[in-house]
Amino acid sequence: MILSLESLGHQFNDTSPWLFRNLNETVRQGDRVALTGPSGSGKSTLLSIVAGWVPAAEGKVVKQGISRIQWVFQNPHGVAKRSAIDHVALPLLAQGLPRGVAEIEALHLCAVFGLQHLVDQRPFAMLSGGEAQRLMLARAVAAKPDLLLVDEPTAQLDRQTAVTVNDAISELSVSGGIVLIATHDETTAAACSRVVDLSEAQPWTLPG
């Protein structure tokens, strides 16, 4: 699996400023990459471009061997009355696993993300912010995507809660897939294997 960003640039219209320009990166299978930069540098927009939701103003995104894409959004979204384990088991059931096998694998994934205490089948509505964000990461991994996009996973969390999410990110594995994480949090970036700083892909870096 390879994700290539080739001379990528984006502005929202012909009169708006460029968020980034002349961005060239190659991301390979197994990479866990933090997208950093100041507010307004286009971190979340770049995720949308990579996902194919927003067309780039210039350049192109080339995906090789990537067909399944999964998102984890800034604000965790779940079904309030469904149990935490159900959220992780659902994508496994969708893959055809028997319920008993899916629940065992879901429990294993919850343990990987430090959520062993959710074996009590606690409903989503009762989870803390950090628990909910880690649960969404576990659910995304359960879906076995080729490309996992994570948008500002600690932006709405207090510092202590963010530590638990960053610990989970440092263990993040998507069966050899690619992970892109938009973040302004230095500790989140440190939990990744590579950093791409969008402040280095600004218009004034172009000649002329």
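Biologist: Let's start inside helix 4: is alanine 140 buried or exposed?

Modeller: Alanine 140 counts as buried, since its relative accessibility is 1%, where buried means under 20% relative accessible area, exposed means over 50% and partly exposed lies in between, with a 1.4 Å probe and protein chains only. Please keep in mind that this is a predicted model, in which local features need pLDDT of at least 70 and side-chain atom pairs count only at pLDDT 80 or more, while totals for chains, interfaces and linings use all residues. Residues are numbered from 1 along each chain as its sequence is written, and side-chain values use heavy atoms, with hydrogens and water left out.

Biologist: And which element holds alanine 140?

Modeller: Alanine 140 is part of helix 4; helices (H or I, at least four residues) and strands (E, at least two) are DSSP runs, numbered from the N terminus.

Biologist: How far is alanine 140 from aspartate 158 in space?

Modeller: Their C-alpha atoms are separated by 23 Å, with the two positions 18 residues apart along the chain.

Biologist: What about valine 141, buried or exposed?

Modeller: Valine 141 is buried as well, with a relative accessible area of 10%, and this residue also lies in helix 4. From the C-alpha atom of valine 141 to that of valine 88 the separation is 8.7 Å, although the two are 53 residues apart along the chain.

Biologist: Speaking of Val88, which residues have the most contacts inside the largest nonpolar core?

Modeller: Val88, Leu135 and Leu137 have the most contacts in that core, which has 36 residues; a nonpolar core is a set of buried Ala, Val, Leu, Ile, Met, Phe, Trp, Tyr and Cys residues joined through side-chain atoms within 4.5 Å. At least two residues of this core come from each of helix 2 (84-94), helix 3 (99-112), helix 4 (129-142), strand 6, helix 5 and strand 7 (178-182).

Biologist: Which helix gives the most to this core?

Modeller: Helix 4 does, with eight residues.

Biologist: Switching to helix 1, where does leucine 46 stand, buried or exposed?

Modeller: Leucine 46 counts as buried at 1% relative accessibility, and its place is in helix 1, which covers residues 43-51. Measuring nothing but the model itself, leucine 46 and alanine 89 lie 30 Å apart from C-alpha to C-alpha, while 43 residues separate them in sequence.

Biologist: OK, rings now. How many aromatic pairs are there in the whole structure?

Modeller: The search finds three aromatic pairs. In one of them, tryptophan 71 and phenylalanine 73 are stacked, at 5.0 Å centre to centre and with 10 degrees between the planes. Rings of Phe, Tyr and Trp (its six-membered ring) pair if their centres lie within 6.5 Å, and planes under 30 degrees apart count as stacked, over 60 as edge-to-face and the rest as tilted.

Biologist: Which residues do the ring pairs link into a cluster?

Modeller: The cluster is made of Trp53, Trp71 and Phe73. Tryptophan 71 is buried, at a relative accessible area of 14%, whereas phenylalanine 73 is partly exposed, at 37%.

Biologist: Now the backbone. What is the phi of serine 7?

Modeller: Serine 7 has a positive phi of about 50 degrees, although it is not a glycine. Most residues other than glycine have a negative phi. Serine 7 sits in strand 1, residues 2-10, and is partly exposed, with 39% relative accessibility.

Biologist: And what is the phi of glutamate 152?

Modeller: Glutamate 152, again not a glycine, has a positive phi of about 45 degrees. The loop that holds glutamate 152 runs between strand 6 (147-151) and helix 5 (159-170). With a relative accessible area of 9%, glutamate 152 is buried, whereas serine 7 is partly exposed.

Biologist: Last one, where is serine 199?

Modeller: Serine 199 is found in the segment after strand 8 (194-197), and this residue is partly exposed, with a relative accessible area of 29%.

Biologist: How far is serine 199 from proline 38 in space?

Modeller: The C-alpha atoms of serine 199 and proline 38 are separated by 7.0 Å, even though the two residues are 161 residues apart along the chain.
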